[in-house]
Amino acid sequence: MPGAIYAEGLVKTFGDVRALDGVDLDVPEGTVLGMLGPNGAGKTTAVRVLTTLLQPDRGKAVVAGIDVLAHPDQVRRSIGLSGQFAAVDEYLTGRENLIMVGQLYQMSGRDAKRRAAELLERFHLGDAADRTAKTYSGGMRRRLDLAAALVVSPPVMFMDEPTTGLDPRNRQALWDVIQELVAGGTTLLLTTQYLEEADRLAHDICVVDHGKVIARGTSDQLKARTGGERVEVVVHASEHISIADEVLRGFGKGEGTIEPHIRKLTIPVTGGAKLLAEVIRELDARGVEIDDIGLRRPTLDDVFISLTGHAAEADENGGKGGGGAVGRQKKGRKGAEPGEPVAPSGAADAAEAVDAGVTTNKEA
Amino acid sequence: MTTVTRTAGGDAHIRTPQPRGGLGRSIRDSLVVAKRNLIRMIRIPEVVIFGLIQPIMFVVLFTYVFGGSINIPGAPAGNAQAYREFLMAGIFAQTVTFATAGAGAGIADDMHKGLIDRFRSLPMSRGAVLTGRTLADLVQTALTLVVLAVVALLIGWRAHENIAGVLSGFALLLLLGYAFSWIGALIGLSVRTPEAATSGGLIWLFPLTFISNAFVPVDGMPTFLQHVAEWNPFSATVAAARELFGNTIGGAPKSVTGAWPMEHPVLASVIWSVLIIAFFRTLAVRKYRSATA
């Protein structure tokens, strides 16, 4: 039986660009699929097809058991969509926005009002409920947008880069909200450029590049493909590097690397925390002073680099930097672009969001 | 049907009401969207106010700058009162066509902000976003006409027909405005920015409204333009309003070229407006279905 979100061989071209080049998806009910990929990979196009906004050239899509192409209106009853841009009317109050969306989901006026009040409380917008959304901060708008997507408690949710452009504090807050939803059993497809986000929220991850799913699995499975854990040591003094190296070789399961300028040694290991404790004792016994030591597991960024040959934030189309407006304009030009809007300062955010372990991977 | 039972946030699943009949849903959804647009108008009163200033300016400029030099057939030369009465139907008609720019800019803005995507992902009627917008514009147009009529009365315009005639005249003007806001809706869905929608909604209105019987009698135009002007859909409504307001000069021929719409302006006005709505609404709704923000 297909999952709550199912796609087979989705193809969508815009002019010469194959935004989707044969995408298959199968998201079991009650799970979260993180769709990970750089700008222009086809993530937004996939979401637009699954949410009935875009007709694919070829392929099949089933959402909540309903054929997307045959019965789009029925699909719309069962889904909630939170897009890349907080799609709320800024001249309406938070409450008015939610009531409107409820009524357009065909709820009665009274139900829509009651539901709006509930959601405003739940998303901590109660105090701001009767202010126009124009006065909201970016994080508040995102929360309102998410609330709008949840008006009918849809069994299937789509979130397209829900935290793009948010500061770390607001991102954290939104993650908490999403985790709450997921705990309630919603099936969720989440696209993101942030590896940490997929790692944190998704049960399964698929990595998309150039309109194709190039890898899928759990976060752990993908990391295992890239290689196992390793010990990283930063010694206090350069003189100790050679002794430390000797110690590490005694524990290591392969070739390590040394970065003398930052006095950092890395070596692949097996044995986890127990082994780490032994390494520390041994280094101590040999009189090596340590600034930092840790057991590092590969990050999804490592996975991305090993799969695609480029970092997640790298953009094949050549650094379409700049604000969201640029991306949006490109999107409007028919047939010119696959239509992935540019995330505001996406590269910088992605870099900041990942673990420090990335740097050593290439040499390892 | 769906076997999915678990729901977002662990709430008891709120059952989406069964689909109601197509027309009922369409009307209700349109009203919901219209209400939203009217709230916006109240919260951004500048738009309404600027929408009022321009026609008032036109009334004053045309009346006092051109008024003395334009001869109305059948009236004594340089009769300013005759021109005032002649002009007002033209100004009213031009004013209602400016709804085009408002509808276009509003819809382009909704596209730009991702709201159209949101609406398109909801189980709502496919035409409702556009119908709601054009209905809200109709309310704004009506409001503008009321203010403009008061200004017109102040500078000496008078209607000479009974109240039913006058109201019918305004009804035809509103119908024309409603028709033009559908052209605006299509423009709004076709351009990339609200700014483009505003200028794209206005530039062609100038030749359209000036190559007509609205501001000067067509007698003085070259023969070719006389034909264009008298078949211009816009002219039909101007002539109809003039007739219904009793602002025609008795004895003057209705048409210079013998064009059918000028001989039967009321009927022609209705036909033109209905045709414009049917044509542009069809195109706009089709475009909306595949709209890509």
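1. Start with strand β6 of chain A, which has both of its faces covered in this predicted model. Ile79(A) and Leu81(A) sit on one side, Gly80(A) and Ser82(A) on the other, and all of them are buried. That split fits the usual pattern, in which side chains of a regular strand alternate between the two faces of the sheet. For pairing, β6(A) runs parallel to β7(A), with four bridges between them. If you want one register to check by eye, take Leu81(A), whose bridge partner in β7(A) is Phe158(A).

2. Zooming out, β6(A) belongs to an open six-stranded sheet with mixed pairing, and the strand order is β6-β7-β8-β3-β9-β10 in chain A. Which strands stand at the edges? They are β6 (79-82) and β10 (212-217) of chain A; each has a single partner strand, so one side of each is left without a neighbour in the sheet. On average, neighbouring strands here are turned by 15 degrees against each other, ignoring direction. So β6(A) is an edge strand with one side lacking a sheet neighbour, yet both of its faces are covered.

3. Elsewhere in that sheet, have a look at β3 (residues 32-36) and β8 (residues 187-192) of chain A. These two strands pair in the parallel sense over five bridges. Leu33(A) has Leu189(A) as its bridge partner in β8(A). Helix α1 (residues 43-50) of chain A lies across β3, β7 (156-160), β8 and β9 (204-209) of chain A, and runs at about 150 degrees to β8(A). Helix α5 (residues 138-149) of chain A also packs on the sheet, where it touches β6 and β7 of chain A. The direction of α5(A) makes about 165 degrees with that of β6(A).

4. Next, the helix that α5(A) meets. Two packed helices are described by the angle between their axes and the distance between the axes. For α3 (residues 94-104) of chain A and α5(A), the axes come within 9 Å and cross at roughly 25 degrees. The pair is therefore roughly parallel, as the angle is under the 35 degrees used as the limit. The crossing of α3(A) past α5(A) is right-handed. On the α3(A) side the contact uses Gly94(A), Asn97(A), Leu98(A) and Val101(A), and on the α5(A) side Leu144(A), Ala147(A) and Ala148(A). Sorted by class, that gives five nonpolar residues, two polar ones and no charged ones.

5. Chain A also has an open sheet of four strands, with antiparallel pairing and the order β12-β13-β11-β14. The edges are β12 (257-259) and β14 (290-296) of chain A, each with a single partner strand, so one side of each has no neighbour in the sheet. The average turn between neighbouring strands of this sheet is 15 degrees, direction ignored. Strand β11 (residues 230-235) of chain A runs antiparallel to β14(A), joined to it by six bridges, and Val234(A) finds its bridge partner in Asp292(A) of β14(A). Helix α10 (residues 272-285) of chain A lies across β11 and β14 of chain A, at about 160 degrees to β14(A).

6. Two backbone spots deserve a look. Most residues other than glycine have a negative phi. Ala64(A), though, has a positive phi near 50 degrees, in the loop between β4 (58-63) and β5 (66-67) of chain A. Glu161(A) also has a positive phi, near 45 degrees, and lies in the loop between β7 and α6 (168-183) of chain A. Are these residues buried or exposed? Ala64(A) counts as buried because it has 23 C-beta neighbours inside 10 Å, and Glu161(A) counts as buried with 26.

7. Chain B is built from 13 helices and zero strands. Its C-alpha trace spans about 80 × 35 × 35 Å along the principal axes. Of its 293 residues, 46% are buried. Among chain B contacts with a separation of 6 or more, 83% link residues 24 or more positions apart.

8. One helix pair in chain B is worth opening up: α7 (residues 163-190) and α8 (residues 194-202), whose axes come within 9 Å and cross at roughly 140 degrees. That angle makes α7(B) oblique to α8(B), and the crossing is right-handed. Gly184(B), Ile187(B) and Gly188(B) of α7(B) meet Ala197(B), Gly200(B) and Gly201(B) of α8(B). The contact comes to two nonpolar, four polar and no charged residues.

How values were computed:
Residues are numbered from 1 along each chain as its sequence is written. Chains are lettered from A and ligands numbered from 1 in the order in which they are written. This is a predicted model: local features need pLDDT of at least 70, side-chain atom pairs count only at pLDDT 80 or more; totals for chains, interfaces and linings use all residues. Axes are lines fitted to C-alpha atoms, for helices over the stretch in contact, and angles run from 0 to 180 degrees between N-to-C directions. Angles under 35 degrees count as roughly parallel, over 145 as roughly antiparallel, 65 to 115 as roughly perpendicular and the rest as oblique. A crossing is left-handed if the near helix is turned anticlockwise from the far one by less than a right angle, and right-handed if clockwise. Two residues are in contact if their C-beta atoms, placed from the backbone, lie within 7 Å. Ala, Val, Leu, Ile, Met, Phe, Trp, Tyr, Cys and Pro count as nonpolar, Asp, Glu, Lys and Arg as charged, and the others, Gly among them, as polar. A residue is buried if 20 or more other C-beta atoms lie within 10 Å of its own, exposed if 12 or fewer, and partly exposed in between; C-beta atoms are placed from the backbone. Two strands pair if DSSP finds at least two bridges between them.
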